[in-house]
Amino acid sequence: MKHAFGILVYLLLFTSQGYSQGMMEGLTPPAQQRTVLSYTGLFFDKAEFPQERASTSYQSVDFSTPIYKSDLQSVSLNLSGSQYLVDPAQNEISGLYDIKFGLGYTRVIDDKRLWSVNARYGSASDRPFESADVTTLGVTAFYSYPDDESSRWLLLVDYSNNRPILNNIPLPGFAYFYNPSKEFRSVLGIPFATFNWQFAEKYGWDFFTLVPWIIKTSVYYKVTDFAKLYAGVDFSQITYYLYGRQNKDDRLFYDDKKIFVGIKSPISKQIFADLEAGHSFDRRFFIDENYVPDPDNAVSIGNAFYFKLSLRFIL
């Protein structure tokens with residue numbers, strides 16, 4: 001059970017910014033939960049905006065810790081914050097922020113089954129917590145049980161008021177963990193799927209999707225048993241509530257695509273590092289109630305090279 005949960009936690013942490021917090025809560029059995037501190041920073045070259053050239057950056061910090069744990073149950077605390085900065089400011093917006101506070105409860109039923117509930121409250125806006133209509137709320141419940149020695153099921157229900165699509169609706173989902181060997185590991189489900197396939201002695205393929213508009217995939221080469229060189233593509237979005245908007249259901253979407261190369265490796269038993277460089281293109285902001293692939297009011301910004309640093313500390 002620990003191995004299967006670890007696959008999904010790992011992939012969510014390093015492939016899907018903004019979604020990992022809610023999904024990773026409760027996936028680790030209580031006795032194995034640790035204090036984890038994660039940092040991600042993306043720094044972009046100056047690019048063309050409608051008003052003038054500007055540089056952008058995105059930084060996030062996540063902290064999670066069990067405040068109580070035993071062999072059978074745990075209570076965990078999660079704090080996270082991110083900022084998307086634009087310099088100089090464009091249309092009076094210099095920064096967008098996403099701050100969350102979360103609590104989770106995990107219960108082991110027996111040595112093969114567990115359930116978990118976690119709740120998240122925060123604000124994603126240019127002026128966080130300034131009013132009730134810029135706050136965010138999410139609740140996720142899981143139940144996991146085995147299918148056989150190499151597979152297991154995860155059933156879930158998730159509510160969020162800040163999804164790219166199907167906002168403010170409790171959505172059921174499931175995941176099927178299938179791990180027939182150490183060379184092939186997969187999680188198939190709704191609304192996400194992941195694959196890790198080492199198809200040769202030193203070569204492999206990672207794939208992640210959060211249906212329907214988030215995709216990240218890469219191929220890698222194992223330099224050592226721990227370090228990997230990789231290259232791939234990433235399509236993803238970030239969403240915010242602008243303060244003072246007229247339609248309370250409208251959100252600001254930032255949407256881009258990336259091609260990249262990088263290296264990831266543990267620095268020690270407690271520290272994992274990921275260095276990445278790439279090119280971001282098809283970058284745009286738009287306002288709508290839900291994500292649309294071809295928005296009418298999109299504001300395009302110029303392509304830019306970027307550098308990314310991710311660090312994960314297990315305390």
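This passage describes the nonpolar cores, a surface patch and some backbone features of a predicted model.

We may begin with the interior. The largest nonpolar core comprises 22 residues, and those with the most contacts inside it are Tyr-84, Leu-96, Tyr-240 and Phe-285. At least two residues of this core are supplied by each of strands S1 (36–44), S3 (73–90), S13 (228–240), S14 (251–266) and S17 (304–314). Apart from this core lies another, of 10 residues, including Val-187, Phe-192, Phe-208 and Leu-210. The surroundings of Tyr-84 deserve a look of their own: leaving aside neighbours within four places in sequence, Tyr-84 contacts residues including Thr-56, Tyr-58, Leu-96, Tyr-240, Tyr-254, Arg-283, Phe-285 and Ile-301.

Turning to the surface, a nonpolar patch is formed by Leu-79, Phe-101, Ile-109, Trp-115, Val-117, Tyr-121, Phe-129, Leu-137 and Val-139, which together have about 730 Å² of accessible area. Strands S5 (114–125) and S6 (135–148) each supply at least two residues of the patch, and the largest share, 3 residues, comes from S5. Phe-129, by contrast, sits in the loop between S5 and S6. With a relative accessible area of 35%, Phe-129 is partly exposed.

The backbone offers a few details as well. Phe-129 has a positive phi of about 65° although it is not a glycine. Asp-282, likewise a residue other than glycine, has a positive phi near 50°. Asp-282 belongs to strand S15 (residues 271–288) and counts as partly exposed because its relative accessible area is 45%. Finally, a cis peptide bond, with omega about 0°, joins Asp-87 and Pro-88; Pro-88 is found in strand S3, one of the strands that contribute to the largest core.

Terms used
Residues numbered from 1 in each chain as written. Predicted model: local features only at pLDDT ≥ 70, side-chain atom pairs only at ≥ 80, totals over all residues. Heavy atoms only, no water. Core = buried A, V, L, I, M, F, W, Y, C linked by side-chain atoms within 4.5 Å. Buried < 20%, exposed > 50% of the residue type's maximum accessible area, 1.4 Å probe, protein only. Helix = DSSP H or I, 4+ residues; strand = E, 2+ residues; numbered from the N terminus. Contact = heavy atoms within 4.5 Å. Patch = residues over 30% accessible without salt bridge, like charges linked within 9 Å, V, L, I, M, F, W, Y side chains within 5 Å. Areas by Shrake-Rupley, 256 points an atom, 1.4 Å probe, with all protein chains shown as cover. Salt bridge = Lys/Arg side-chain N within 4 Å of Asp/Glu carboxyl O.
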